[in-house]
Amino acid sequence: MGALMILCLGGLIALGVWVSRSLRSDRGQTPVDRADTLLAERFARGEIDGAEFTRSREPLHTGGSSSSRSGR
């Protein structure tokens with residue numbers, strides 16, 4: 001009886017962890033949304049400046065490729 005109670009409690013804890021993680025995940029984001037988020041995070045950390053942020057974000061919203069950005 002005690003082992004069954006421990007097993008059920010462990011299952012409930014595992015279910016809670018799984019639900020919590022699935023609610024916080026980025027699964028609902030499109031690749032463009034995820035790329036925007038990553039660029040914004042890099043900009044906020046100071047890894048890229050405003051010009052690089054704008055230049056990197058432009059092809060995401062215009063459908064352009066990165067090769068058109070670099071002048072190739």
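A residue counts here as buried when its relative accessible area is under 20%, and as exposed when that area is over 50%, with partly exposed covering what lies in between. By that yardstick D36, at 15% relative accessibility, is buried, because 15% falls under the 20% cut-off. The model in which D36 sits is a predicted one, and the same yardstick runs through the rest of this account.

Taken as a whole, the protein is built from helices: there are four of them and zero strands, giving the pattern α-α-α-α along the sequence. Of the 72 residues, 8% are buried. The accessible surface comes to about 5900 Å², and carbon and sulfur atoms supply 61% of that area.

Helix α1 takes in residues 2-24, and its length works out nicely: at 1.5 Å a residue, 23 residues should span 33 Å, and the end C-alpha atoms are 34 Å apart, which agrees. As for cover, the number of buried residues among those 23 is zero, so α1 lies largely in the open. L12 belongs to this helix and, with a relative accessible area of 59%, is exposed, since that value is over the 50% mark. L12 also takes part in a nonpolar surface patch, together with L15, W18, V19 and L23. Between them, these five residues offer about 570 Å² of accessible area.

Helix α2 (residues 31-45) passes the length check too: its 15 residues should span 21 Å, and the end C-alpha atoms are indeed 21 Å apart. Just after α2 comes G46, which takes a positive phi of about 85°.

Back to D36, which has its place in α2. Setting aside neighbours within four places in sequence, D36 is in contact with R57, L60 and H61. With R57 the contact is also a salt bridge, the closest N and O atoms being 3.1 Å apart. R57 lies in helix α3 (residues 50-62) and D36 in α2, so the pair ties together parts that are 21 residues apart in sequence. The two partners differ in cover: D36 is buried at 15% relative accessibility, whereas R57, at 33%, counts as partly exposed.

The D36 pair belongs to a set of four salt bridges in the structure. Side chains of opposite charge can pair when their charged atoms come close. Another of the bridges joins E47 to R42, with 3.2 Å between the closest N and O atoms. Both ends of this one are partly exposed, E47 at 45% relative accessibility and R42 at 35%. The E47–R42 pair is also part of something wider, as R42, R45 and E47 are linked in a network of salt bridges.

Helix α3 has a bridge of its own, where the side chains of E52 and R55 meet at 2.5 Å, N to O. These two residues are three apart within α3, about one turn of the helix. An α-helix has 3.6 residues a turn, so residues three or four places apart point the same way. Here again both partners are partly exposed: E52 has a relative accessibility of 24%, and R55 has a relative accessible area of 40%.

How values were computed: Residues are numbered from 1 along each chain as its sequence is written. This is a predicted model: local features need pLDDT of at least 70, side-chain atom pairs count only at pLDDT 80 or more; totals for chains, interfaces and linings use all residues. Side-chain values use heavy atoms; hydrogens and water are left out. Helices (H or I, at least four residues) and strands (E, at least two) are DSSP runs, numbered from the N terminus. The expected span of a helix is 1.5 Å times one less than its number of residues. Buried means under 20% relative accessible area, exposed over 50%, partly exposed in between (1.4 Å probe, protein chains only). Contact means heavy atoms within 4.5 Å. Patches are made of residues with over 30% relative accessible area and no salt bridge: like charges are joined within 9 Å, nonpolar side chains (Val, Leu, Ile, Met, Phe, Trp, Tyr) within 5 Å. Accessible areas come from the Shrake-Rupley method with a 1.4 Å probe; for residues, only the protein chains shown count as cover.
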